[in-house]
Amino acid sequence: NPTGVDLRAEIDRLRKEKNAVILAHYYQDPVLQDLADFVGDSLDLSRKAAATTADVIAFCGVRFMAEVAKILSPEKTVVLPDMAAGCSLEDSCPPDAFGAFRNAHPDHISLTYINCSAAVKAHSDIIVTSSSAEKIIAQLPMDQKIIFAPDKHLGAYLNRKTGRDMLLWDGSCIVHEAFSETELLKLIALHPGAPVAAHPECPGYILDHAQFVGSTTAILEWSIASPAQTIIVATEPNIIHQMQLKAPHKNFIGAPGADGNCNCNMCPYMALNTLEKLYLCLRDLQPVITVPEEIRLRAKLPLDRMLEMAA
Ligand code: 13P
Ligand code: SF4
């Protein structure tokens with residue numbers, strides 16, 4: 001660190017001085033995960049953001065996650081180390097086009113994955129995360145017509161699991177789409193008997209080889225509890241940090257992309273957040289998340305529904 005500042009010590013000092021809580025997603029750099037007060041999946045992080053008594057939430061994740069924190073806790077100052085930390089799923093679903101899609105299907109309700117902008121949430125009936133979607137869908141009548149956006153792979157997985165026929169938006173996560181089935185099969189052949197734990201943002205041809213499919217928290221818990229000594233992990237590889245902390249004797253291998261290793265599956269948006277930027281955002285309380293009040297109030301309704309239905 002060229003400035004000579006002890007960034008970890010400064011972050012600790014600033015967190016106390018500003019009564020801040022640091023929330024981190026499992027896809028963040030391990031350095032940030034280790035500093036965070038809480039690490040979790042999208043649902044865990046939403047719940048923490050809604051319940052915290054801190055004045056400041058420093059969100060080590062991507063922008064839509066920090067927006068959710070602001071929507072649920074408008075009186076808090078929410079900062080994101082790098083405002084450019086977006087998400088390919090959010091980009092695949094522009095609010096105007098989504099609004100038009102909704103209007104074209106007035107007899108459908110909109111179940112929307114949390115990986116989207118606040119403006120898209122404002123057009124939605126119920127938000128879901130990968131850990132809450134099945135539980136929420138089970139509470140809807142079987143004849144309820146549903147549109148599901150923006151992740152077509154998660155949507156297709158949920159259709160298969162729940163026997164529904166949700167109409168799917170054509171969006172995807174660039175990270176989970178980068179896994180190669182050919183390379184995965186080679187890796188499985190190298191480690192006979194090693195189970196594959198996969199995130200439902202993966203395409204179906206990857207999920208077909210998985211013994212377990214779930215959210216990041218679910219993958220983490222399943223992998224730790226599994227009797228297997230070697231586990232292949234088909235999601236963003238930074239989650240392996242938590243697996244290794246909780247089960248140091250086990251061998252966790254990131255599922256490969258077309259180049260045969262797992263580095264191409266690191267989320268480039270999550271990677272924008274760094275220790276330096278976390279320090280600066282706590283010091284300067286910016287970049288700060290703002291959501292126009294009219295959008296916030298409309299986006300809060302489907303988020304509150306998710307928190308109730310997932311409880
Ligand atoms: P979860 O942590 O809710 O499983 O979400 C994964 C993800 O891709 C977040 O961007
Ligand atoms: Fe978006 Fe995929 Fe990155 Fe998650 S991993 S933030 S879904 S691009």
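**View 1. Domain layout of the protein chain in the predicted model.** The domain assignment divides the chain into domain 1 (7-84 + 270-292), domain 2 (89-172 + 298-309) and domain 3 (175-265). Between the C-alpha centres of domain 2 and domain 3 the separation is 26 Å. Their contact draws nine residues from domain 2 and 13 residues from domain 3. On the side of domain 2 that touches domain 3, three residues are nonpolar, five are polar and one is charged.

**View 2. The open sheet E6-E5-E7-E8 and helix H16.** Four strands with parallel pairing make up this sheet. Strand E6 (126-128) and strand E8 (167-168) form its edges, each pairing on one side only. Strand E5 (residues 109-113) runs parallel to strand E7 (residues 146-149), and four bridges join them; Ile-109 stands opposite Ile-146 in E7. Helix H16 (residues 293-309) packs on the sheet and touches E5 and E6, its direction making about 60 degrees with that of E6.

**View 3. The annotated cysteines.** An unreviewed UniProt entry carries the annotation "binding site" for Cys-87, Cys-173 and Cys-267. These residues span 181 residues in sequence, yet no two of their C-alpha atoms are more than 9.2 Å apart, so they gather at one spot.

**View 4. Surroundings of Cys-173 and Cys-267.** Cys-173 lies in the loop between E8 and helix H10 (174-177). With 24 other C-beta atoms within 10 Å, Cys-173 is buried. Not counting residues up to four places away in sequence, Cys-173 touches Ser-88, Leu-89, Asp-151 and Glu-201. Cys-267 is placed in the loop between strand E12 (251-254) and helix H15 (275-284). Cys-267 is buried, having 22 other C-beta atoms within 10 Å; under the sequence exclusion of up to four places, Cys-267 touches Tyr-27, Val-175 and Glu-236.

Technical notes. Residues numbered from 1 in each chain as written. Chains lettered and ligands numbered in written order. Predicted model: local features only at pLDDT ≥ 70, side-chain atom pairs only at ≥ 80, totals over all residues. Domains from an automatic or database assignment. Contact = placed C-beta atoms within 7 Å. Nonpolar A, V, L, I, M, F, W, Y, C, P; charged D, E, K, R; others polar. Pairing = 2+ DSSP bridges. Helix = DSSP H or I, 4+ residues; strand = E, 2+ residues; numbered from the N terminus. Axes fitted to C-alpha atoms, helices over the stretch in contact; angles between N-to-C directions. UniProt positions renumbered as here; feature names shortened; annotations may be inferred. Buried ≥ 20, exposed ≤ 12 C-beta atoms within 10 Å, placed from the backbone.
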